[in-house]
Amino acid sequence: MTVQLNNIVNSIQGVRESLLLRAGCDELVSETNRLRTQRLAENLDEQALIRRIETLAGFKQKIAENANTKLAISVLWEEL
């Protein structure tokens with residue numbers, strides 16, 4: 001997984017945990033980055049958190065597609 005994908009996955013997980021906090025599911029939220037997660041949950045409503053997850057997931061998909069394209073081109077280049 002590329003660094004960009006890893007960062008996006010971590011961001012999605014953080015926003016997901018903020019959404020869990022907003023929903024009152026504190027017991028499901030990890031202690032890692034708890035303060036940041038809590039601040040995000042306090043500043044954004046559920047719909048804004050969901051939109052953020054969807055946006056990040058779209059970025060993740062585009063980066064993955066781009067990485068796959070680069071890999072395919074690299075393999076083809078080596079075969080020439």
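A residue is called buried when its relative accessible area is under 20%, exposed when it is over 50%, and partly exposed in between (1.4 Å probe, protein chains only). By that yardstick Glu46 is partly exposed, with a relative accessible area of 32%. The model examined here is predicted, so local features need pLDDT of at least 70 and side-chain atom pairs count only at pLDDT 80 or more, while totals for chains, interfaces and linings use all residues. Residues are numbered from 1 along each chain as its sequence is written, and side-chain values use heavy atoms, with hydrogens and water left out.

Glu46 belongs to helix α3, which covers residues 46-79; helices here are DSSP runs (H or I, at least four residues), just as strands are (E, at least two), numbered from the N terminus. Not counting residues up to four places away in sequence, Glu46 touches Leu19 and Arg22, where contact means heavy atoms within 4.5 Å. Ala23 sits 23 residues from Glu46 in sequence, and their C-alpha atoms are 8.1 Å apart in space.

Next come the two helices α1 and α2. Two packed helices are described by the angle between their axes and the distance between the axes. Helix α1 (residues 3-22) packs on helix α2 (residues 34-43) at an angle of about 60°, and the axes are 8 Å apart. That makes α1 oblique to α2. For the record, axes are lines fitted to C-alpha atoms, for helices over the stretch in contact, and angles run from 0 to 180 degrees between N-to-C directions. Angles under 35 degrees count as roughly parallel, over 145 as roughly antiparallel, 65 to 115 as roughly perpendicular, and the rest as oblique. The crossing of α1 past α2 is right-handed, a label used when the near helix is turned clockwise from the far one by less than a right angle (anticlockwise would be left-handed).

Which residues do the touching? On the α1 side they are Gly14, Val15, Glu17, Ser18, Leu21 and Arg22, and these meet Arg34, Thr37, Gln38, Leu40, Ala41 and Glu42 in α2. The residues of this contact split into four nonpolar, four polar and four charged. In that count Ala, Val, Leu, Ile, Met, Phe, Trp, Tyr, Cys and Pro are nonpolar, Asp, Glu, Lys and Arg are charged, and the others, Gly among them, are polar.

Helix α2 has two sides to look at. Its buried residues are Arg34, Thr37, Leu40 and Ala41. Seen down the axis of α2, they fall within an arc of 130°, so they line one face of the helix; the arc is that of the directions from the helix axis to the C-beta atoms. On the other side of α2, Leu35, Arg36, Glu42 and Asn43 are exposed.

Thr37 is a handy example from the buried set. This residue of α2 has a relative accessible area of just 4%. Leaving aside neighbours within four places in sequence, Thr37 is in contact with Gly14, Glu17, Ser18, Leu21, Val29 and Thr32. Gly14, a residue of helix α1, counts as partly exposed at 23% relative accessibility. Although Gly14 and Thr37 are 23 residues apart in sequence, their C-alpha atoms are 6.2 Å apart in space.

Leu35 shows the exposed side of α2, with a relative accessible area of 56%. Leu35 and Gly58 are also 23 residues apart in sequence, but 26 Å apart in space, C-alpha to C-alpha. Ser11 in helix α1 is partly exposed at 30%, and its C-alpha atom is separated by 13 Å from that of Gly58, 47 residues apart along the chain.

Finally, there is the loop between α1 and α2, where Asn33 has its place. Phi of Asn33 is near 55°, a positive value in a residue other than glycine. Asn33 is exposed, with a relative accessible area of 51%.
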